[in-house]
Amino acid sequence: MSNNHTPTSHFGTPSAPAVLSSTLPTAADFVWPLSARIFLLLGALSAGASVVFGAAFAHLPVFAGLVPTAVQTALSQQQFHALGLLLVGLAIRVSGASRYLLAAGWLMGIGLVLFSFNLYARHVFGLDALRGLVPWGGVAWILAWLSLAWGVAAKQR
């Protein structure tokens, strides 16, 4: 037996070495789905904004050195769900956009607005009109994580 084996195509004719043909990227390898880019962008912007908000809240006169627990919770939840948005964007890139992964991303964004931004508006600007929507932000986040789990699990079947 000889170890000098020449790779062949499906038709039995010699083909390019497998190492070269399987590692060369194509143009499609560099194209990310629009939805993946949107959720990655939203996640990155939300993470950056959480750093800005954290610094601003530490120095705003309205808090006078003590940031309320609700604002601290909103900030930590924003940071956590910004990472969730990044995860959704990467999941879409890896496995393709499904309705569950898309729902996960949009629900995380909705949760940010209804929960975190609503609490910021209430404590910084005194806007209390939308207070009743805060729990719905939490519900949106719960549904987002369930959608992400379902979307990832459904791709494995």
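How many Å should the 27 residues of helix 4 span at 1.5 Å a residue, and how far apart are its end C-alpha atoms? The expected span is 39 Å, and the end C-alpha atoms of helix 4 lie 36 Å apart, which agrees. This is a predicted model.

## Overall build

The protein has five helices and zero strands. Along the sequence, the pattern reads α-α-α-α-α. Of its 157 residues, 29% are buried. Among contacts with a separation of 6 or more, 71% join residues 24 or more positions apart. The accessible surface is about 9900 Å². Carbon and sulfur atoms hold 72% of that surface.

## Helix spans

Helices 2, 3 and 4 can be set side by side.

| Helix | Number of residues | Expected span | End-to-end C-alpha distance |
|---|---|---|---|
| Helix 2 | 26 residues | 38 Å | 38 Å |
| Helix 3 | 27 residues | 39 Å | 38 Å |
| Helix 4 | 27 residues | 39 Å | 36 Å |

For helix 2, the reach is close to the expected value. For helix 3, the distance between the end C-alpha atoms agrees with the expected span. Helix 4 also agrees, and it bends by about 30° at F117.

Two glycines follow helices. G96 comes just after helix 3 and takes a positive phi of about 90°. G126 follows helix 4, and its phi is positive too, near 75°.

## Buried faces of helices 2 and 3

Helix 2 covers residues 34-59. Its buried residues are S35, A36, F39, L40, G43, S46, S50 and F57. What do they pack against? The partners are helix 3 (69-95) and helix 4 (99-125).

An α-helix has 3.6 residues a turn, so residues three or four places apart point the same way. The buried set of helix 2 includes F39, G43, S46 and S50.

S46 gives a local view of this packing. S46 sits in helix 2. Is S46 buried or exposed? S46 counts as buried because its relative accessibility is 7%, under the 20% cut-off. Leaving out residues up to four places away in sequence, S46 touches Q78, A82 and L112. Q78 and A82 are themselves among the buried residues of helix 3.

Helix 3 buries V71, A74, L75, Q78, H81, A82, G84, L85, V88, G89, A91 and I92. Which helices do these residues pack against? They pack against helix 2, helix 4 and helix 5.

## From helix 4 to helix 5

L127 lies in the loop between helix 4 and helix 5. L127 is exposed, at a relative accessible area of 52%. Neighbours within four places in sequence aside, L127 contacts A121 and R122.

R122 is also part of a charged group. Side chains of opposite charge can pair when their charged atoms come close. The structure holds two salt bridges. D128 pairs with R122, with the closest N and O atoms 4.0 Å apart. D128 also pairs with R131, where the closest N and O atoms are 3.7 Å apart. These salt bridges share partners and join R122, D128 and R131 into one network.

How are the members of this group covered? R122 counts as buried, with 17% relative accessibility. D128 counts as partly exposed, at 38%. R131 is partly exposed as well, with a relative accessible area of 47%. R122 therefore falls under the 20% limit for a buried residue at 17%.

## A nonpolar surface patch

Which residues make the nonpolar surface patch of about 680 Å²? The patch is made by L130, L133, W136, V139, I142, L143 and L146. L146 belongs to helix 5, which runs over residues 134-155. Is L146 buried or exposed? L146 is exposed, because its relative accessible area is 54%, over the 50% cut-off.

## Summary

Several features stand out for inspection in the structure above. The buried residues of helix 2 pack against helix 3 and helix 4. Those of helix 3 pack against helix 2, helix 4 and helix 5. R122, D128 and R131 form one network of salt bridges. L130, L133, W136, V139, I142, L143 and L146 make a nonpolar patch at the surface.

Terms used:
Residues are numbered from 1 along each chain as its sequence is written. This is a predicted model: local features need pLDDT of at least 70, side-chain atom pairs count only at pLDDT 80 or more; totals for chains, interfaces and linings use all residues. Side-chain values use heavy atoms; hydrogens and water are left out. Patches are made of residues with over 30% relative accessible area and no salt bridge: like charges are joined within 9 Å, nonpolar side chains (Val, Leu, Ile, Met, Phe, Trp, Tyr) within 5 Å. Accessible areas come from the Shrake-Rupley method with a 1.4 Å probe; for residues, only the protein chains shown count as cover. A salt bridge is a side-chain nitrogen of Lys or Arg within 4 Å of a carboxyl oxygen of Asp or Glu. Helices (H or I, at least four residues) and strands (E, at least two) are DSSP runs, numbered from the N terminus. Buried means under 20% relative accessible area, exposed over 50%, partly exposed in between (1.4 Å probe, protein chains only). Contact means heavy atoms within 4.5 Å. The expected span of a helix is 1.5 Å times one less than its number of residues. The bend at a residue is the angle between axes fitted to the seven residues ending there and the seven starting there.
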